[in-house]
Amino acid sequence: GSLGSSDTAAYRFAAHQFNSDGFRNNTFFNSDDTDKLDEMMVRGKIDWAVNQNWDAAMTLMLVDINNGFDKWNPENNFTTHSDDLGIDDQRSVGFSWRNTFKGNDAFDVISITSYTNSDIQYFFDGDWGNDDYWGEFAPYDFTSNNDRDRTNFTQEFRLVSKPEAKIFNQSTDWLMGLYLSQLDEENAIDDFYNGDVSRAFDSQFEASNVAVFGQLDTHLTEQTVLTTGLRFERRTADYTDNGGLDLSPDDNMVGGQISINHELNPGKNIYATVSRGYKAGGFNLSTSLPANKRDYDPEYLLNLEIGMKALLMDYRLNLNVSAFYSKRNDMQVSTSTQDDPTDPLTYTFFTGNAAEGKNYGLEADWAYMVNRNLTFHGALGLLNATFSDYVTVDDNFNGRDQAHAPDYT
């Protein structure tokens, strides 16, 4: 709605509450909600046309999550035996502030500021059972608690050209920008054995990112547009923990794209794109993970794509079709290790780097307007995603499927 009688300011408010019993039955507590979900999210937004040259938008967000955590058992079914109630809680507050200044004759200035603070607790029963369940092995009680405090601040500035400020003989629209971010995180992990702290782990981590980017949209003809974009980002990080590990990686990452779009006729476009993307490295947090597996490197992706976007059948059918080939270098993969076979808390999921992987496939989606009141949507994807160079001390993954990459959707 509008703010009061104003025709220059409006608000939006949304609240979401989700509850579930979690689909588990716990035999120790004789309870069916030890894996419960209780999640609340509230979001408010204000749009304000301050004057003819200044538009502002402010968004505020609150997240309050009070979930249980009781998923695992040796039988791998929906009946659990844990005697310690798991916790998966989060309290997050955040805001974003977007300002668009249109007073300049050549370009608009866009500023985007965001901030989030999260307080997170994660506690679980590491032995998946209780003393009666483990019988002769009792007392056999492992638990782990992780408290995390995380703040993230970002600031972005963009200059976006106006139609009358095109360059190269009035053929090219342009955009340039600067991106800054600061991430700070503190972690405290305590592992317990039979009620006593067996390992205590504290870590501090901060990362700063600075990126510059630009894009040109060149109209080669009335029907053909060439887009070129480039982004350079420098990431510096500092990590320390009470185990004596002190890491300060610096990464320079470059991404970009070259694409061409051609309008065959009104409502039908074909395009081709070559792009390079990247994903920054990071750190694994664990009380037992060896130092040489604590950090991981950035990943890079080279992607080739061709496709068509079309409006057919008197504009009643909206059809998008594409084919792609992607090559991934220094892939970030989720894997696991167990340092001590007698201690279940040393079984750790962590992120590491594989050497290479490749993905290729086809995608299509459509929306067909049967009549003014009924539209039929559909999508189809075919994917081949495998490791092409990933050999570890324990196994050879070459030719295996990548995770989370179904053959078809």
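What area does the protein expose, and what share of it do carbon and sulfur atoms supply? The exposed area is about 23,600 Å², and carbon and sulfur atoms account for 55% of that surface. The model is predicted.

## Overall architecture

The protein contains 22 strands and one helix. Its C-alpha trace spans about 80 × 60 × 55 Å along the principal axes.

Of the 409 residues in the protein, 34% count as buried. Among contacts with a separation of 6 or more, 60% are made by residues 24 or more positions apart.

## Charge

Negative side chains number 64 in the protein, and positive side chains number 30. The centres of these two sets lie 12 Å apart.

Charged residues also form patches on the surface. One patch is negative and consists of Asp 119, Asp 147, Asp 149 and Glu 186. Another patch is positive and consists of Arg 12, Arg 43, Lys 45 and Arg 98.

## Asp 149 in the negative patch

Asp 149 sits in strand 8, which covers residues 142-161. Is this residue buried, partly exposed or exposed? Asp 149 counts as partly exposed because its relative accessibility is 33%, a value between the 20% limit for buried residues and the 50% limit for exposed ones. Asp 149 shares its negative patch with Asp 119, Asp 147 and Glu 186.

## Arg 43 in the positive patch

Arg 43 belongs to strand 3, made up of residues 37-51. With a relative accessible area of 41%, Arg 43 is partly exposed. The other members of its positive patch are Arg 12, Lys 45 and Arg 98.

## Leu 180 and its contacts

Leu 180 is part of strand 9, which runs over residues 172-193. Its relative accessibility is 32%, so Leu 180 counts as partly exposed.

Which residues does Leu 180 touch, leaving aside those up to four places away in sequence? They are Phe 153, Thr 154, Gln 155, Asn 209 and Val 210. Of these, Phe 153, Thr 154 and Gln 155 have numbers that fall within the 142-161 range of strand 8. The C-alpha atom of Leu 180 is also separated by 6.6 Å from that of Ala 211, a residue 31 positions away along the chain.

Conventions:
Residues are numbered from 1 along each chain as its sequence is written. This is a predicted model: local features need pLDDT of at least 70, side-chain atom pairs count only at pLDDT 80 or more; totals for chains, interfaces and linings use all residues. Side-chain values use heavy atoms; hydrogens and water are left out. Helices (H or I, at least four residues) and strands (E, at least two) are DSSP runs, numbered from the N terminus. Buried means under 20% relative accessible area, exposed over 50%, partly exposed in between (1.4 Å probe, protein chains only). Contact means heavy atoms within 4.5 Å. Accessible areas come from the Shrake-Rupley method with a 1.4 Å probe; for residues, only the protein chains shown count as cover. Lys and Arg count as positive and Asp and Glu as negative; His and the chain ends are not counted. The place of a charge is taken as NZ of Lys, CZ of Arg, CG of Asp or CD of Glu. Patches are made of residues with over 30% relative accessible area and no salt bridge: like charges are joined within 9 Å, nonpolar side chains (Val, Leu, Ile, Met, Phe, Trp, Tyr) within 5 Å. A salt bridge is a side-chain nitrogen of Lys or Arg within 4 Å of a carboxyl oxygen of Asp or Glu.
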